[in-house]
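Dear colleague,

I am handing over a structure to you with this email, and I would ask you to look at it on your own before you read the notes that follow it.

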Amino acid sequence: MATVDRFVEVDRIMIQVAKFQSEFGKIEILQAKHTGSLIYRQGGYYQSECDSNGVSVAPYIHGIFGLLAQARAEDVLMIGCGGGSLGTMLDRAGARVTIVDIDPTAFFIARKYFGLPRKIECHVADGSNFLHAVRHRYDAIVLDAYTGGDIPHHLCSESFFGLAQMRLDNSCGCLIGNVCARNDRDTIPRRIAAKLSNVWADVRLLDTPGIWNRNALLLAGQVKELAPPMMLMPPEVGSNDIVRELDRLRFTPWQLPEHEPYRPPHQRGRRSVRA
C-alpha cells in the first residue's frame, strides 16, 4: 500500500472503473488506458497497482515478495490489504496467507477488482488488536498499513514490534515493513529502524538513496543472510521498470545520532500527497 507516485505515472490517461465511500475515505478504482493495469487510490494516494492477473506492478511489492522467497516464508501475515496483490502473488507461490485490514471495503475491492483469491483468510481488525488476539506464530509479518500518507503511529511503536516478535516463529521469523521516504534527509525509515533494534538484534534497511519519494523496506528478525531481491513473478506490464528499480536497492546504514530521538509520523506533520 501507499505506493509513491514515482511508480505510477500521474500524467497518463486514467479511466474510473468504480468509486466507494468507506469509513476511512473515498476509494477510486482506476484503469490505465495504455496498459490496462488497475489502480487502487484512496484519499489521493495510490495504494496498489496490478495487471489483469493480480500481479503487482509496484517494485517494492516485488522486493517484499523476493525477500519472503529467500526467507522461505510459507505462512505469512499481511497487515494492510489495499488491492491485495502481494497476497495474490504469495498464494500463487504456494504460501499460506492471512490478511488483516481495518477497512472491510478493502477486502471487497481486492476480491472483486484485483483478483484476491477467496481462499485467503481475511480479518477486519486493527493490526495490533489482531496480534493481541491470536496465538499463532507466523514465518513472516508484512507491515504495509497506511492512513493517508503515514503509518499509524501505534503500528510503528516499540510495543507493537515487541508484540509482533511474539507472533513470529523463533527459528525463521522476520518482519518486513514498507516505509515511504521523501528523500535522503527523511529520517522516518531510520527512526523506525531504531525502534525495531530495541526488539530484534538484526535490523536492516533496504533503500535506494538519491531517489525522491521512494519506498524503503525495513527488515527485522532472521534477516542477516538476505540479499537484495530479484523479480520472481513478472507482471504483464512494467517488468523492465521493476527490474531496474530492484537493481537499485541497497542495504544501507540506518543508525541515528544519539541526539535524534524517535518521533512517530503523526507528530512530524503530514507529508505532501504523492499521487
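Please begin with two aromatic residues, Y40 and F114, both of which are buried. Keep in mind as you read that this is a predicted model.

Aromatic pairs

Counting ring pairs by their centre distance gives 4 aromatic pairs. One of them joins F20 and F108, whose ring centres are 5.9 Å apart and whose planes stand at 75°, and because planes over 60 degrees apart count as edge-to-face, this pair is classed that way. F20 belongs to strand 1 (residues 14–22) and F108 to helix 3 (residues 104–113), so this pair ties together parts that are 88 residues apart in sequence. F108 is partly exposed, because its relative accessibility is 44%, and partly exposed covers the range between under 20% and over 50%. Y40 and F114, the residues you began with, also form an aromatic pair, which is tilted, with 6.1 Å from centre to centre and 50° between the planes. Since Y40 lies in strand 3 (residues 38–42) and F114 in the loop between helix 3 and strand 7, this pair ties together parts that are 74 residues apart in sequence. F20 and F108 also belong, along with Y113, to one aromatic cluster.

The sheet

What is the order of the 8 strands in the open sheet? The order is 7-6-5-8-9-11-10-12, and the pairing is mixed. At the edges stand strand 7 (121–124) and strand 12 (250–252), each of which has a single partner strand, so one side of each is left without a neighbour in the sheet. From one strand to the next, the twist averages 25°. Strand 9 (residues 174–181) and strand 11 (residues 214–221) are joined by 8 bridges in the antiparallel sense, and L175 has A220 of strand 11 as its bridge partner. Helix 2 packs on this sheet, where it touches strand 5, strand 6 and strand 8, and its direction makes about 175° with that of strand 5. Helix 5 (residues 158–166) packs on the sheet as well, touching strand 5, strand 8 and strand 9, with its direction at about 150° to that of strand 8.

Strand 5

Why can strand 5 (residues 75–79) be called largely enclosed by the rest of the structure? The reason is that 5 of its 5 residues are buried. In a regular strand the side chains alternate between the two faces of the sheet. In strand 5, D75, L77 and I79 point one way while V76 and M78 point the other way, and all are buried. Strand 5 runs parallel to strand 6 (residues 96–101), to which 5 bridges join it, and I79 has V100 as its bridge partner there. Between these two strands the chain passes through helix 2 (residues 85–92), making a β-α-β crossover that is right-handed. Strand 5 also pairs in the parallel sense with strand 8 (residues 140–143), over 4 bridges, and in strand 8 the bridge partner of M78 is V142.

Helix 1

Helix 1 (residues 59–70) has 12 residues and spans 17 Å from its first C-alpha to its last, close to the expected 16 Å. Of its 12 residues, 10 are buried, so helix 1 is largely enclosed by the rest of the structure; among the buried ones are Y60, H62 and F65. Just after helix 1, R72 takes a positive phi of about 55°.

With best wishes

Conventions. Residues numbered from 1 in each chain as written. Predicted model: local features only at pLDDT ≥ 70, side-chain atom pairs only at ≥ 80, totals over all residues. Heavy atoms only, no water. Buried < 20%, exposed > 50% of the residue type's maximum accessible area, 1.4 Å probe, protein only. Pairing = 2+ DSSP bridges. Right-handed = clockwise from strand over helix to strand, strands pointing away. Expected span 1.5 Å × (residues − 1). Axes fitted to C-alpha atoms, helices over the stretch in contact; angles between N-to-C directions. Contact = heavy atoms within 4.5 Å. Phe/Tyr/Trp six-rings, centres within 6.5 Å; stacked < 30°, edge-to-face > 60°.
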